[in-house]
Amino acid sequence: MWVEFAGAVLAGVIFLYLPGGLLLRVCRLSGIGCMGAAPVVSLLAYSLLAILFQRFGVRASGWLLFASLF
């Protein structure tokens with residue numbers, strides 16, 4: 001049970017913090033500010049990509065959204 005919980009937490013951290021953190025680091029934001037705002041930026045980017053894919057008629061999975069951020 002704890003192994004599955006740890007895996008879910010790790011997946012959440014990867015999907016929420018990694019894309020937003022990397023994007024904010026490219027914009028030269030400090031480390032603390034970067035980690036604080038990373039989930040918001042990631043969710044905004046996922047939402048915008050999903051809207052764009054829907055407008056262009058591209059069927060996208062979660063993995064495609066995640067991969068297209070990189």
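Patches are made of residues with over 30% relative accessible area and no salt bridge (a side-chain nitrogen of Lys or Arg within 4 Å of a carboxyl oxygen of Asp or Glu); like charges are joined within 9 Å, and nonpolar side chains (Val, Leu, Ile, Met, Phe, Trp, Tyr) within 5 Å. The model is predicted: local features need pLDDT of at least 70, side-chain atom pairs count only at pLDDT 80 or more, and totals for chains, interfaces and linings use all residues. Residues are numbered from 1 along each chain as its sequence is written, and side-chain values use heavy atoms, with hydrogens and water left out.

**Exercise 1.** State which elements the chain holds and in what order.

*Solution.* Start with the DSSP runs, where helices are H or I of at least four residues and strands are E of at least two, numbered from the N terminus. The chain has three helices and zero strands. Read from the N terminus, the order is α-α-α.

**Exercise 2.** Find the share of buried residues in the chain.

*Solution.* Buried means under 20% relative accessible area, exposed over 50%, and partly exposed in between (1.4 Å probe, protein chains only). Of the 70 residues in the chain, 20% are buried.

**Exercise 3.** Locate the nonpolar patch and place Trp2.

*Solution.* The patch is formed on the surface by Met1, Trp2, Phe5, Val9, Val13, Tyr17 and Met35. Together they have about 790 Å² of accessible area, computed by the Shrake-Rupley method with a 1.4 Å probe, where for residues only the protein chains shown count as cover. Helix α1 (residues 2-26) gives the most, five residues. Trp2 lies in helix α1 and counts as exposed because its relative accessible area is 65%.
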